[in-house]
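Dear colleague,

I am passing on a structure that I would like you to look through at your own pace. Please open it first, and then read the notes that follow beside it.

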Amino acid sequence: MIRVYTSSVIDAPADTVWSVIRDFNALPAWHPLIADSRIENAQPSDKVGCVRAFRMRDGGQLREQLLSLSDYDYQCTYSILASPMPLEHYVATLKLTPVTDGNRCFAEWSAEFDCEPARERELSQTIGQGVFQAGFDALKLRFGRR
Amino acid sequence: MQRVTRSAIIDAPIDRVWAILRDFNSHTAWHPVVAESGIEGDEPSDRVGCVRNFTLRDGARIREQLIALSDRDHRMTYCILDADVPLERYVATVQLKPVTDGNRTFWHWQSTFRTPRGRERELSEMVGVGVYEGGFAGLRQYLARGRAGAGLGDARGAPIESDAIAFERTGGPEVLRPVRVVANAPGPGEVRIRHAAIGINYVDVYIRRGWMPLAAPGDVLGVEASGVVLDVGPDVTNVIPGDRVAYALLPCGSYCGVRTVPAAQVARIPDGIDNETAAAVFLKGLTAEYLLHRIHRVVPGEVVLVHAAAGGLGTLAAGWARSLGATVIGTVSTDEKARTARDHGCHHVVVTREYNFADAVLRASGGRGADLIVDGLGERGVRDNLASLALFGHWVSVGQASGALPPLASDALVHRSATFSQPVIFHYTADPARLAEMAGRLWQAVQSGVVRPEIGGRFELGSAAEAHRLLESRASRGALLLVP
Ligand SMILES: NC(=O)c1ccc[n+]([C@@H]2O[C@H](COP(=O)([O-])OP(=O)(O)OC[C@H]3O[C@@H](n4cnc5c(N)ncnc54)[C@H](OP(=O)(O)O)[C@@H]3O)[C@@H](O)[C@H]2O)c1
């Protein structure tokens, strides 16, 4: 099992950031790599079990399923059903925690998956930096106070 | 039940912050409201179940017990046993997480407790603001303390030049030459250190003479130093600028003012131990640590023979062996050095310049001989070391001040079923986890007085040759330092 962990600090209250990212269908609205997204079978995007089908700006197509969503913990978990990346058993968690000192929030995005040993580094880098950190960078920009 | 939660971002890597917080007895160093702290029964502060006694600045007393500690999760849980403040069933958890974006730390501090009716707000404020927020501020200040003193100035990212001492060819002290060296800005996993003191070791002499191929003519000498971290490269999590650190490592190159080395090879120097002391004890004290705790676990009643017992390694090894319950016999070359050796823990001292000590060792040990021999003498001591061994004794050859050890006959040890080994400090310090453990034990030995650092002389870098002459003349006591 490979584990990727990326964390950052976003300069806005957890409630505010959560209202943007809790929508499982909203990736194109905040993540720079995602071109468009829809929820299959016209289900609501906060129905646990729903599947989002989205397209990356580079053309890659993915299907991901929402496994858990907690407004209480500011946390959601999802798995990959289909993707161009050579990996299996991919489960990721995105979570916010309030930082009382400064009214900011601490954001964590982690994933576990299996892949060929030779691709570990490259995939960890792509997911940890290319996807997760890129998402945080966009949120930091969006909520930047300065 | 009341619940209080506070969290903050600390601008230091998680390992650095955790090293402070995991110590259940560290609050007097950084927390503004804690005046005194002690662990009951002198137990180690990371022993789950240990109890600390706090006296706060306002005089209140609190007893708290550590009930969970996880280095893997960077989490600890503790509870109040009894306190002058009415916090009942108080259980608190400190949790750290890495902020990978910027190499910082997220610190979450949460507790639940009960209070007398009507005092909920007041006591929640006291815990949340006074204890937790006060703690955040205190730790930030504590971490920033050294930073101002680091004095990097405009050098950030730029190479820094300093004076250094190299050996221009192999030979006597006269081959030492002043040169200039450049310490580049630290790369990934590296730290740049402004040296405060440089430990001189006998191995420097072997290398200078060409007895050990650990450096080539033209190289800067030296394997040990202490100082202040100027800056750190990417991915460094154990130290921050301003930290005081010590190191003992290869390749050579510590006889200089500023140096860049792997962060994994440095140990932070605790408050209460100054930089010169650290440079005097680091390599030699770590050597004593592995000799007495790893190579051979000294048990009470054993006889330990320490050669050059007034020297750098000898003074530390003698004191430490004594504290472990051994009978310590030292050898030295003069009466004056015999006094030093006794001061540092030797029960018996043999004064000899000619390596005749076996009879005296057997006499002093009632015929038993030595269970452990710490031998930096080499060639000239072979005969008497063999004759000094106890049954199942262990002769550890760590050096060759009198000349290289000749090959041992394959039956040399059979008369006592004895063992022989030739360890090297750098093999022990190479693994960062082991180094941290060894350094922790050494600092504790220094702080508790088990070993007493002895600085036998301080020399400017330019006088390194003079220092070498003194060391080789057998006239030095304790450890010699270069002060850049
Ligand atoms: N292998 C390791 O990991 C390791 C680590 C640290 C040190 N060491 C070794 O431990 C020994 C002590 O190191 P140190 O740096 O602390 O030095 P030191 O003991 O302060 O100095 C060396 C001492 O050796 C004695 N000695 C005996 N014959 C000598 C001779 N012919 N020439 C010079 N000195 C002679 C002298 O004491 P007396 O005059 O009182 O006999 C002298 O003071 C050295 O052999 C060193 O190489 C090994």
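A good place to begin is helix 5 of chain B, which contributes 4 residues to the shell around the ligand and gives the most to it. Please keep in mind throughout that this is a predicted model. Helix 5 spans 275–295, and along with helix 4 (202–209), helix 6 (312–323) and helix 12 (464–472) of chain B, each supplying at least two residues, it helps to form that shell.

Altogether, 29 residues surround the ligand, and the closest are B:Tyr290, B:Leu313, B:Ser333, B:Tyr355 and B:Ile425. When these surroundings are sorted by class, 15 residues of the shell are nonpolar, 10 are polar and 4 are charged.

Which atoms of the protein lie at short range from oxygen atoms of the ligand? In B:Tyr290 a polar side-chain atom lies 2.7 Å from a ligand oxygen, whereas in B:Gly312 a backbone N or O atom lies 2.9 Å from an oxygen atom of the ligand. For B:Ile425, a polar backbone atom is 2.8 Å from an oxygen of the ligand. Taken alone, the ligand would expose 900 Å², of which the protein buries 92%. As for its location, the ligand sits in the second largest pocket.

It also helps to see how the chain is divided. Chain B has domain 1 (2–148), domain 2 (160–282 + 457–483) and domain 3 (300–422), and the shell around the ligand takes at least three residues from each of domain 2 and domain 3. The C-alpha centres of domain 1 and domain 3 of chain B, for their part, lie 48 Å apart.

Finally, there are two details of the backbone to look at. Most residues other than glycine have a negative phi, and most peptide bonds are trans. The peptide bond from B:Leu250 to B:Pro251, however, is cis, with omega near 0°, and B:Pro251 is found in the loop that runs between strand 12 (244–248) and strand 13 (258–262) of chain B. B:Asp42, although not a glycine, has a positive phi of about 55°, and B:Asp42 belongs to the loop between strand 2 (34–39) and strand 3 (51–56) of chain B.

With best wishes

Conventions:
Residues numbered from 1 in each chain as written. Chains lettered and ligands numbered in written order. Predicted model: local features only at pLDDT ≥ 70, side-chain atom pairs only at ≥ 80, totals over all residues. Heavy atoms only, no water. Near = heavy atom within 4 Å. Polar contact = N/O pair within 3.5 Å; in protein donor to acceptor, adjacent residues only side chain to side chain. Areas by Shrake-Rupley, 256 points an atom, 1.4 Å probe, with all protein chains shown as cover. 1 Å grid on protein atoms, 1.4 Å probe; cavity = no way out; pocket = protein on both sides within 12 Å on 5 of 7 lines; lining within 4 Å. Sits in = over half its atoms within 2 Å of the grid points. Nonpolar A, V, L, I, M, F, W, Y, C, P; charged D, E, K, R; others polar. Domains from an automatic or database assignment.
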